[in-house]
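Please look over the sequence and the model below before reading on. The report that follows starts from a single residue and then widens to the strands around it.

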Amino acid sequence: MADDYRPSLTSRPVSTSSGIKEGPSNFRSVTATDTLDVNDDTLLCNGTFTVTLPAANSDVRNRYVIKNVGSGTITVDGASAETIDGSATRTLTKQYSSLTIASDGTAWHILTAYDGSETL
């Protein structure tokens with residue numbers, strides 16, 4: 001159907017100073033300690049290591065998805081002393097667990113969390 005709208009799974013809304021635009025998702029596989037940047041969208045993590053978020057005031061336009069695709073422990077850390085929902089770090093200990101995180105300009109907030117099981 002011509003009028004049938006289906007959102008693309010490879011795009012997500014990105015806020016800019018002029019409004020919202022669609023942009024392609026950037027999936028990246030990570031196996032060692034890493035720091036997210038503005039080009040990242042989704043990190044697929046395999047191993048035991050830390051993923052550090054950028055400074056909250058430097059990236060208010062982005063949402064990040066961090067997913068543990070392995071059996072290790074992924075520690076998500078705010079930049080410097082920044083917090084994630086009031087905590088210095090969050091951990092993804094189960095395979096397929098994930099966090100979706102966004103910044104308000106001063107701190108990071110968990111928008112969704114999945115513990116890797118069928119029931120939440």
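Which residues does Glu-82 touch, not counting residues up to four places away in sequence? Glu-82 touches Pro-54, Ala-55, Ala-56, Asn-57, Ala-88, Thr-106 and Trp-108, where a contact means heavy atoms within 4.5 Å.

This is a predicted model, in which local features need pLDDT of at least 70 and side-chain atom pairs count only at pLDDT 80 or more, while totals for chains, interfaces and linings use all residues. Residues are numbered from 1 along each chain as its sequence is written, and side-chain values use heavy atoms, with hydrogens and water left out.

**Confidence and overall make-up**

The protein averages a pLDDT (the predictor's confidence in each residue, from 0 to 100) of 82, and 78% of the residues score at least 70. Over residues 1–21 the pLDDT stays under 50, and for this stretch the model has 28 contacts beyond four places in sequence.

The protein has 0 helices and 11 strands; helices (H or I, at least four residues) and strands (E, at least two) are DSSP runs, numbered from the N terminus. Of the 120 residues of the protein, 34% count as buried, a word that here means under 20% relative accessible area, with exposed meaning over 50% and partly exposed in between (1.4 Å probe, protein chains only). Among contacts between residues at least 6 apart in sequence, 44% join residues at least 24 apart.

**The surroundings of Glu-82**

Glu-82 lies in the loop between strand E8 (74–77) and strand E9 (89–92). Glu-82 is buried yet has no salt bridge, and the nearest side chain of opposite charge, Arg-90, is 13 Å away. For these terms, Lys and Arg count as positive and Asp and Glu as negative, while His and the chain ends are not counted; a salt bridge is a side-chain nitrogen of Lys or Arg within 4 Å of a carboxyl oxygen of Asp or Glu. The side chain of Glu-82 does, however, reach the backbone nitrogen of Ala-56 at 2.9 Å, and Ala-56 is also among the residues that Glu-82 touches.

**How the strands pair**

Strands of a sheet pair through backbone hydrogen bonds, either parallel or antiparallel. In this report two strands pair if DSSP finds at least two bridges between them. The table lists pairings in this model, each with one pair of residues that stand opposite each other.

| Strands | Sense | Bridges | Residues opposite |
|---|---|---|---|
| E5 (42–45) and E7 | parallel | 4 bridges | Leu-43 and Ile-66 |
| E7 and E10 (98–103) | antiparallel | 5 bridges | Tyr-64 and Ile-101 |
| E6 (49–52) and E8 | parallel | 4 bridges | Val-51 and Val-76 |
| E10 and E11 (108–114) | antiparallel | 6 bridges | Ser-98 and Tyr-114 |

An open sheet of 4 strands has the order E4-E6-E8-E9, with mixed pairing. Its edge strands are E4 (34–35) and E9, each of which pairs on one side only.

**Faces of strand E7**

In a regular strand the side chains alternate between the two faces of the sheet. Strand E7 (residues 63–68) follows this alternation: Tyr-64, Ile-66 and Asn-68 point to one face and are buried, while Arg-63, Val-65 and Lys-67 point to the other and are not.

**Leu-44 in strand E5**

Is Leu-44, which is found in strand E5, buried or partly exposed? Leu-44 counts as partly exposed because its relative accessibility is 24%. Leaving aside neighbours within four places in sequence, Leu-44 is in contact with Phe-27, Arg-28, Ser-29, Val-30, Lys-67 and Val-69. The C-alpha atoms of Leu-44 and Ser-29, which are 15 residues apart along the chain, are separated by 4.7 Å.

**Residues with a positive phi**

Asp-85 lies in the loop between E8 and E9, and its phi is near 50°, a positive value in a residue other than glycine. Because its relative accessibility is 37%, Asp-85 counts as partly exposed. Tyr-96 lies in the loop between E9 and E10 and has a positive phi of about 75° although it is not a glycine; at 43% relative accessibility, Tyr-96 counts as partly exposed. In the hairpin of E10 and E11, which has 4 residues between the strands, Gly-105 takes a positive phi near 105°.

Definitions and conventions:
A polar contact is a pair of N or O atoms within 3.5 Å; within protein, one must be able to donate a hydrogen and the other to accept it, and residues adjacent in sequence count only if both atoms are side-chain atoms.
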